Amino acid sequence: MPTREEIVDIHTMCACSHTRMAARAVTRFYDEALRPSGLKGTQFILLAAIEAGEAASITDLADLIDLERTTLVRNLQLLRKEGLVAPEKGPHGRRKPTLTDKGRAALDGALPLWRLAQTEMEGRLGFGSWQVTRRRLGELRKAVG
């Protein structure tokens, strides 16, 4: 049976717990900032990743944004229902999501809101602190990946 101190350590020291709490707080912050656009932060990031054109397939896109392929497919289906993305034949006959005109308009409309949120986030942390945090988060992903 674990001691009370061991149980308290889980709450105070657990990397999983702290990163998940931080991720939820940051997600809420960006969701609120993007609310006027009708997009959630996760949708905005996905539209931007698609528009960047670096992924030749759904699997490549999942790898690029480090998201489970099945989760990505569900998210793409929702965006497709809203008319924001459409499948396109990519290299080797694999399907590749692309933005529709409506999707590009949604991304364009949300971009200024994201820029304001990003500037505010950097201001709250301090730009140098954000750069260190971003680098450390990358190190954390590599350490567990």
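This is a short tour of the pockets, the cavity and one helix packing in a predicted model.

**Stop 1: the largest pocket**

Start by selecting Val 26, Ile 45, Ile 65, Leu 137 and Arg 141. Of the 35 residues that line the largest pocket, these are the closest to its centre. The pocket has a volume of about 1,800 Å³.

Now colour helix 2 (15–34), helix 3, helix 6 (101–125) and helix 7 (127–144); each of them supplies at least two residues of this lining. Which helix gives the largest share of the lining of the largest pocket? Helix 2 does, with twelve residues. Coloured by class, the lining of the largest pocket shows 22 nonpolar, eight polar and five charged residues.

**Stop 2: helix 3 against helix 5**

Keep helix 3 (41–52) on screen and add helix 5 (residues 69–81). The two pack at an angle of about 90°, and their axes are 11 Å apart. Helix 3 is therefore roughly perpendicular to helix 5.

To see the contact, show side chains for Gln 43, Leu 46, Leu 47 and Ile 50 in helix 3, which meet Leu 72, Asn 75, Leu 76 and Leu 79 in helix 5. This contact has six nonpolar residues, two polar ones and no charged ones.

**Stop 3: the second largest pocket**

Stay with Leu 76, which also lines the second largest pocket. Add the other residues of that lining: Ile 58, Val 73, Gln 77, Arg 80, Val 85, Ala 86, Pro 87, Arg 95, Lys 96 and Pro 97. The volume here is about 170 Å³.

Helix 5, strand 1 (85–89) and strand 2 are the elements that give two or more residues to the lining of this second pocket. The largest share, four residues, comes from helix 5. By class, the lining of the second largest pocket divides into seven nonpolar, one polar and three charged residues.

**Stop 4: the cavity**

Lys 96 and Pro 97 should stay selected, as they also line the largest cavity. Select with them Ala 49, Ile 50, Gly 53, Glu 54, Ala 55, Ser 57 and Leu 61 to complete the lining. Ile 50 was shown at the second stop, among the helix 3 residues that meet helix 5.

How many cavities of 30 Å³ or more does the count give? The count comes to one, and the volume of the largest cavity is about 40 Å³. Helix 3 and strand 2 (95–99) each supply at least two residues of its lining. The lining of the cavity consists of five nonpolar, two polar and two charged residues.

Conventions: Residues numbered from 1 in each chain as written. Predicted model: local features only at pLDDT ≥ 70, side-chain atom pairs only at ≥ 80, totals over all residues. Heavy atoms only, no water. 1 Å grid on protein atoms, 1.4 Å probe; cavity = no way out; pocket = protein on both sides within 12 Å on 5 of 7 lines; lining within 4 Å. Points joined across faces, edges and corners; volume = space filled by probe spheres on them. Nonpolar A, V, L, I, M, F, W, Y, C, P; charged D, E, K, R; others polar. Axes fitted to C-alpha atoms, helices over the stretch in contact; angles between N-to-C directions. Parallel < 35°, antiparallel > 145°, perpendicular 65-115°, else oblique. Contact = heavy atoms within 4.5 Å.
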